[in-house]
Amino acid sequence: RAFAGTPAGPGRRPMQPLPTAIAMASTFRHSVADLSAGVGAASDVVGDVETGGGERDLAERGEELAASLNALRFDGISSDGSVVITVDGRQRPMDVRLAPEAAELEDLGAHVREAYESAAEASAAEMTSRLQELFAAHFKEEAHRASPG
């Protein structure tokens, strides 16, 4: 499953899976619309979004984003260079490369973890950036469609 990023650091909660994050944003937007414009006006917006309003909807863009993230690759390297982990844009391991001297390391697992965390951090940063762009563009279009005139 695609995740909207797994933030590093103590006390940070993992992000929601990508389809769940998109659904939550859509629900939040409609809840805000209910409060600010009255239920009738919000229902009009919901109907417009469901039909796409002549534009690609958020779910389609989310699927395109997930597909593009699948194609991205990020390398993480352990501090001593003995381990290289490659992850895709959704932080899934795609490749592991070990230097010959890695077989002699007592703490090989720590080196693998270090390399993975480095790659996953870069991947999550890119995913977060692309999600922000996706939501910003979507909400800008929604605001434009909802504005009079």
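Before the tour begins, one definition is needed: two strands are said to pair if DSSP finds at least two bridges between them. With that term in place, good morning, colleagues. The structure under discussion is a predicted model.

Let me start with the overall plan. The protein has three helices and three strands. Along the sequence, these elements follow the pattern α-α-β-β-β-α. Of the 149 residues in the protein, 32% are buried. Contacts that reach across the sequence are also present: among those between residues at least 6 apart, 52% join residues at least 24 apart.

I turn now to the sheet. As general background, strands of a sheet pair through backbone hydrogen bonds, either parallel or antiparallel. Here the three strands form an open sheet in the order 1-2-3, and the pairing is antiparallel. Strand 1, residues 73-77, and strand 3, residues 93-98, are the edge strands, each pairing on one side only. On average, neighbouring strands of the sheet are turned by 15° against each other, direction ignored.

Strand 2 covers residues 83-88 and is joined to strand 1 by five bridges in the antiparallel sense. One example of this pairing is G76, whose bridge partner in strand 2 is I85. Against the sheet packs helix 3, residues 108-146, which touches strand 1, strand 2 and strand 3. The direction of helix 3 makes about 35° with that of strand 2.

On the other side of the pairing, strand 2 and strand 3 run antiparallel and are joined by five bridges. The hairpin of these two strands has four residues between them, and there Q91 takes a positive phi near 65°.

Within strand 2, I would draw your attention to T86. Which residue of strand 3 stands opposite T86? The residue in question is D95. Is T86 buried or exposed? With a relative accessibility of 7%, T86 falls under the 20% limit and therefore counts as buried. Beyond its neighbours within four places in sequence, T86 is in contact with R73, F74, D75, R92, P93, M94, D95 and R97.

Next, helix 2. This helix has 14 residues and spans 20 Å from its first C-alpha to its last, close to the 20 Å expected at 1.5 Å a residue. Its buried residues are L58, R61, G62, L65, A66 and L69. Why do they lie on the same side of helix 2? They do so because they cover an arc of only 145° around the axis. The face turned away from this buried side carries the exposed residues E63 and A71.

Finally, the nonpolar cores. In soluble globular proteins, nonpolar side chains tend to be buried together. In this model, the largest nonpolar core has seven residues: L58, L65, L69, M127, L131, L134 and F135. Helix 2, residues 58-71, and helix 3 are the elements that give two or more residues to this core. Helix 3 provides the largest share, four residues. A second, separate core has six residues, among them V83, I85, A115 and A119.

Residue L134 deserves a closer look. Setting aside neighbours within four places in sequence, L134 is in contact with L58, R61, G62 and L65. Those four contact partners are among the buried residues of helix 2.

To close, two points may be kept in mind. Helix 3 packs on the sheet, and helix 3 also gives the largest share of the largest nonpolar core. Thank you for your attention.

Key: Residues are numbered from 1 along each chain as its sequence is written. This is a predicted model: local features need pLDDT of at least 70, side-chain atom pairs count only at pLDDT 80 or more; totals for chains, interfaces and linings use all residues. Side-chain values use heavy atoms; hydrogens and water are left out. Axes are lines fitted to C-alpha atoms, for helices over the stretch in contact, and angles run from 0 to 180 degrees between N-to-C directions. Contact means heavy atoms within 4.5 Å. A nonpolar core is a set of buried Ala, Val, Leu, Ile, Met, Phe, Trp, Tyr and Cys residues joined through side-chain atoms within 4.5 Å. Buried means under 20% relative accessible area, exposed over 50%, partly exposed in between (1.4 Å probe, protein chains only). The expected span of a helix is 1.5 Å times one less than its number of residues. The arc is that of the directions from the helix axis to the C-beta atoms.
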